[in-house]
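Hi everyone, thanks for making time this morning. I'd like to walk you through one structure, so let's put it up on the screen.

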Amino acid sequence: MSGIILFDGDCNFCDCAVQFIIKNDKKGYFKFASLQSKIGICLLNKYSAPHDIDSIFLLENNKYHYKSSAVLRICKNLKGWYKTGYILIIIPKPLRDFIYNIVAKNRYRWFGKRETCMIPSPEVRKRFLD
C-alpha cells in the first residue's frame with residue numbers, strides 16, 4: 001500500500017516540497033495529486049476529509065492526516081536522516097499545527113504562486129494521479 005499526498009497545486013512552496021519528497025522517496029511509496037484536481041476532490045470525498053482546511057493531506061491505510069501530522073508521517077517514509085523528523089510527533093498537535101498554520105497562512109506571500117505546472121519526467125509522471 002502506498003501513501004497519497006494531496007497538495008496545493010498553485011503553491012510554489014508546495015511544489016518544492018513535492019520535488020523534495022520525490023527526490024527522497026527512492027522506493028516510490030508516495031503518489032501525488034493536487035487538491036484542486038478532480039482526483040484530489042474525489043479522494044477528499046472518499047475519505048470524508050474536510051475540504052475547507054488549507055493543508056497538505058496524506059491518505060494512508062484508509063485514514064487521512066493533515067497539517068503537521070501529515071508532514072511528519074511523510075518524513076517517516078523518506079530516506080536518510082529526514083526519517084528522524086517523525087520524532088517531532090511527540091510535540092502536542094496544537095503546538096505543531098500552530099507553527100504549521102503560520103507557514104500555511106503566509107506561503108503565497110513568502111514563496112509565491114505557480115503560473116505554470118512542472119513538466120515531470122515519464123518516470124516521475126507515473127507517481128501523479130490523474
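Let's begin with a pair of helices: α3 and α4 are roughly perpendicular to each other, because their crossing angle falls in the range of 65 to 115 degrees that goes by that name. The angle itself is roughly 95 degrees, and the axes of α3 (residues 67–76) and α4 (residues 93–111) come within 7 Å. Keep in mind that this is a predicted model.

Who makes the contact? On the α3 side we have Lys67, Ser68, Ser69, Val71 and Leu72, and α4 brings Lys93, Arg96, Asp97, Tyr100 and Asn101. Sort the residues of this contact by type and you get 3 nonpolar, 3 polar and 4 charged.

Now, over to the sheet. In what order do its strands sit? Reading across, the order is β2-β1-β3-β4, so to speak an open sheet of 4 strands with mixed pairing. At the edges are β2 (30–34) and β4 (63–66), each of which pairs on one side only. From one strand to the next, the twist averages 25 degrees.

Let's zoom in on one pair. Strands β1 (residues 3–7) and β3 (residues 57–60) run antiparallel and are joined by 3 bridges. You can find one partnership yourself: Leu6 has Phe57 of β3 as its bridge partner.

Two more helices belong in this picture. Helix α2 (residues 38–46) packs on the sheet and touches β1, β2 and β3, with its direction at about 115 degrees to that of β1. Helix α1 (residues 12–24) lies across β1 and β2, and runs at about 165 degrees to β2.

Key
Residues are numbered from 1 along each chain as its sequence is written. This is a predicted model: local features need pLDDT of at least 70, side-chain atom pairs count only at pLDDT 80 or more; totals for chains, interfaces and linings use all residues. Side-chain values use heavy atoms; hydrogens and water are left out. Two strands pair if DSSP finds at least two bridges between them. Helices (H or I, at least four residues) and strands (E, at least two) are DSSP runs, numbered from the N terminus. Axes are lines fitted to C-alpha atoms, for helices over the stretch in contact, and angles run from 0 to 180 degrees between N-to-C directions. Contact means heavy atoms within 4.5 Å. Angles under 35 degrees count as roughly parallel, over 145 as roughly antiparallel, 65 to 115 as roughly perpendicular and the rest as oblique. Ala, Val, Leu, Ile, Met, Phe, Trp, Tyr, Cys and Pro count as nonpolar, Asp, Glu, Lys and Arg as charged, and the others, Gly among them, as polar.
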